[in-house]
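Hi everyone, thanks for making time. I'd like to walk you through a structure that may be new to most of you, so let's put it up on the screen.

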Amino acid sequence: MDGDLLGKIVKFNSQASGRDKLFRLVQYCSKFTWWYLYKAQVAENSIDKLQKLSAALSTCRKFLRFGKSVDFLHSALRSLHISDDVLRWTITLSKINQAVFLVFDHIVLAGRIGLAQVDKDKWNRLSAQFWLVTLILGIVRDLYDITSIISHELRIRSAKLSQRKHFDGEEVDNNNRRRRADSIPTQRQVVWRSLADNQPVVLDLLKNLCDLVLPLEALGHVDASPGVQGLFGAVSSMIGVMTTWQPLLRLVPS
């Protein structure tokens with residue numbers, strides 16, 4: 001095995017966030033698989049095993065996240081120093097909501113393992129509400145980033161167009177004029193190039209949109225089958241694994 005690949009695997013496995021995202025991927029893949037087997041009415045003996053695996057991974061992930069609410073509060077304090085107003089408040093409020101969401105998640109965990117008698121439905125709903133707000137703030141931040149990037153690139157294009165019109169007033173041969181016209185991309189090309197060159201924000205937006213289905217379903221706002229939840233959860237989990245494996249794909253600041 002290549003040494004660099006082995007080093008990346010060791011580094012990924014040493015991170016609690018890496019294991020959490022990997023477990024999450026397996027959890028939602030298991031959920032989608034048992035739903036598919038149930039609908040297809042095949043391998044019925046495997047359905048119960050996959051359901052138990054999904055539930056066990058969910059509990060395991062709650063243990064991995066124990067105490068992480070403190071990390072999010074610390075991140076919220078650091079994000080207060082971001083100069084951009086929109087980024088500062090969306091990131092800060094998102095971190096605070098994540099911290100509260102995890103506190104409620106810890107209460108659910110205490111009830112699940114029998115440490116305390118809690119109304120799990122009540123705390124699950126509260127947890128889902130704060131998770132939903134976190135995702136909405138993340139989507140607002142992503143759309144703001146994308147809009148800012150595209151606007152900046154369109155301004156550059158407009159400046160090039162103005163420069164070309166200036167030179168078109170001078171005596172130049174047709175070949176040079178044609179080359180200048182071809183070098184300026186269309187607005188659609190600018191948009192697609194902006195998205196292609198800024199993969200972290202595009203991936204983060206896709207991840208948040210996929211995750212949005214989960215709290216909406218938990219709160220009863222949408223009717224999503226376990227298969228839909230498993231599919232969308234698996235896609236967002238895969239993006240989480242990718243960004244942990246390759247830090248260059250991670251959105252900054254976050």
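One term before we start: when I say contact, I mean heavy atoms within 4.5 Å. And please keep in mind that this is a predicted model.

Let's begin with Ser54. Ser54 sits in helix α3, which covers residues 44-64. Is Ser54 buried or exposed? Ser54 counts as buried, because its relative accessibility is 8% and the cut-off for buried is under 20%. So who does Ser54 meet? Setting aside neighbours within four places in sequence, Ser54 is in contact with Gln27, Ser30 and Lys31. Two of those names turn up again in α2: Gln27 and Ser30 are among the buried residues of that helix. For a sense of distance along α3 and just before, the C-alpha atoms of Ser54 and Val42 are separated by 19 Å, with their positions 12 residues apart along the chain.

Now to α2 itself. It has 25 residues and reaches 36 Å from its first C-alpha to its last, close to the 36 Å expected at 1.5 Å a residue. Its buried residues also include Gly18, Asp20, Arg24, Leu25 and Trp34. If you look at that list and wonder about the spacing, remember that an α-helix has 3.6 residues a turn, so residues three or four places apart point the same way.

What follows α2? That's Gln41, with a positive phi near 55°. Gln41 is in the loop between α2 (16-40) and α3. I picked this one out because most residues other than glycine have a negative phi. Gln41 is exposed, since its relative accessible area is 64% and exposed means over 50%.

Next, the inside. How many cavities of 30 Å³ or more are there? The count comes to one, and about 40 Å³ of space lies in it. The lining is made of Ile146, Ile149, Ile150, Ser194, Leu195, Asn198, Val201 and Val202. By class, that's six nonpolar residues, two polar ones and no charged ones. Three helices each supply at least two of the lining residues: α6 (120-168), α8 (187-197) and α9 (199-218). The largest share, three residues, comes from α6.

Staying with α6 for a moment, have a look at Glu153, which lies in that helix. Glu153 counts as partly exposed, because its relative accessibility is 23%. Not counting residues up to four places away in sequence, Glu153 touches Val190, Arg193 and Ser194. Ser194 is one of the cavity-lining residues I just listed. Glu153 and Ser194 are 41 residues apart in sequence, yet 7.3 Å apart in space, C-alpha to C-alpha.

On to α9, which also gives us Val202. Val202 is part of the cavity lining, and it is partly exposed, with a relative accessible area of 32%. From Val202 to Gly240, 38 residues along the chain, the C-alpha separation is 13 Å. As for the helix as a whole, the 20 residues of α9 should span 28 Å at 1.5 Å a residue, and its end C-alpha atoms are 30 Å apart, which agrees. Its buried residues include Val201, Leu205, Asn208, Cys210 and Leu212. Just after α9, Gly220 takes a positive phi of about 80°.

Cys210 brings me to the cysteines. How many disulfides are there? The count comes to zero. A disulfide is a covalent bond between the sulfur atoms of two cysteines. Take Cys60: its sulfur is 16 Å from the closest cysteine sulfur, in Cys29, so it is too far for a bond. Cys210 is in no disulfide either, as the nearest cysteine sulfur, again that of Cys29, is 13 Å away. On accessibility, Cys60 is partly exposed at 30%, whereas Cys210 counts as buried at 6%.

One last stop, past α10. Which residues does a cis peptide bond join? Val252 and Pro253, with omega about -5°. Pro253 lies in the segment after α10 (226-245). That bond is worth a look on screen, as most peptide bonds are trans.

That's my tour, and I'm happy to take questions.

Notes:
Residues numbered from 1 in each chain as written. Predicted model: local features only at pLDDT ≥ 70, side-chain atom pairs only at ≥ 80, totals over all residues. Heavy atoms only, no water. 1 Å grid on protein atoms, 1.4 Å probe; cavity = no way out; pocket = protein on both sides within 12 Å on 5 of 7 lines; lining within 4 Å. Points joined across faces, edges and corners; volume = space filled by probe spheres on them. Helix = DSSP H or I, 4+ residues; strand = E, 2+ residues; numbered from the N terminus. Nonpolar A, V, L, I, M, F, W, Y, C, P; charged D, E, K, R; others polar. Expected span 1.5 Å × (residues − 1). Buried < 20%, exposed > 50% of the residue type's maximum accessible area, 1.4 Å probe, protein only. Disulfide = S-S within 2.5 Å.
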